[in-house]
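Please walk through the model below with the sequence alongside. The explanation moves from a pair of helices to individual residues.

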Amino acid sequence: MAKKSLVNRQARREELVARHAGARVELKRVVAHPDTDPDVRAEAVRRLSLLPRDSSPVRLRSRDQTDGRPRGMLTRFGLSRVRFRELALRGDMPGVRKASW
């Protein structure tokens, strides 16, 4: 079980990413376009650097949906390896069964 403060911090980051996504995409488009005037590009880079640091999607961490564990994530299921194994062995995940060969 992850600390509540870390799970809450992740939730705040997700909200910031969603709030600034449009502005960030537009500024990055201006910076990456090859025909952009150098002065306009410099202004876009400056405005991009003024956005909050946590508004970058790179700073998000994938966490287990049930307990917030940050490591050993199976993104297809949204669960950590520990929680996935528990649910699969109990039979709570339809279509998933323990392999035997």
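What follows takes up the helix pair, its core, the residues around it and then a strand residue.

This is a predicted model, in which local features need pLDDT of at least 70 and side-chain atom pairs count only at pLDDT 80 or more, while totals for chains, interfaces and linings use all residues. Residues are numbered from 1 along each chain as its sequence is written, and side-chain values use heavy atoms, with hydrogens and water left out.

Two packed helices are described by the angle between their axes and the distance between the axes. Here the pair is α1 and α2, which pack at an angle of about 150 degrees with their axes 9 Å apart; helices (H or I, at least four residues) and strands (E, at least two) are DSSP runs numbered from the N terminus, and axes are lines fitted to C-alpha atoms, for helices over the stretch in contact, with angles running from 0 to 180 degrees between N-to-C directions. The two helices are therefore roughly antiparallel to each other, since angles over 145 degrees count as roughly antiparallel, those under 35 as roughly parallel, those from 65 to 115 as roughly perpendicular and the rest as oblique. The crossing of α1 and α2 is left-handed, a term used if the near helix is turned anticlockwise from the far one by less than a right angle, whereas clockwise would make it right-handed.

Which residues form this contact (heavy atoms within 4.5 Å) between α1 and α2? From α1 come Arg24, Leu27, Lys28, Val30 and Val31, and these meet Val40, Arg41, Ala44, Val45, Arg47 and Leu48 of α2. The residues of this contact divide into seven nonpolar, no polar and four charged, where Ala, Val, Leu, Ile, Met, Phe, Trp, Tyr, Cys and Pro count as nonpolar, Asp, Glu, Lys and Arg as charged, and the others, Gly among them, as polar.

In soluble globular proteins, nonpolar side chains tend to be buried together. The largest nonpolar core of this model has five residues in all, namely Leu27, Val30, Ala44, Leu48 and Leu51; such a core is a set of buried Ala, Val, Leu, Ile, Met, Phe, Trp, Tyr and Cys residues joined through side-chain atoms within 4.5 Å. The elements giving two or more residues to this core are α1 (4-32) and α2 (38-50). Leaving aside neighbours within four places in sequence, Leu48 is in contact with Arg24, Leu27 and Lys28.

Around this pair, burial varies: buried means under 20% relative accessible area, exposed over 50%, and partly exposed in between (1.4 Å probe, protein chains only). His20, in helix α1, has a relative accessible area of 17% and is therefore buried, and, not counting residues up to four places away in sequence, His20 touches Leu51, Pro52 and Ser55. Lys28, also found in α1, is partly exposed at 48%, as Arg29 of α1 is at 47%. In the loop between α1 and α2 sits Thr36, which is buried at 14% and touches Val30 and Arg41, with residues up to four places away in sequence not counted.

Turning to strand β2 (residues 79-80), the reader finds Leu79 there, buried at 7% relative accessibility. Beyond its neighbours within four places in sequence, Leu79 is in contact with Asp64, Thr66, Gly72, Met73, Leu74, Phe84, Leu87 and Met93. Leu79 and Arg69 are 10 residues apart in sequence, and their C-alpha atoms are 8.4 Å apart in space.

Technical notes. Contact means heavy atoms within 4.5 Å.
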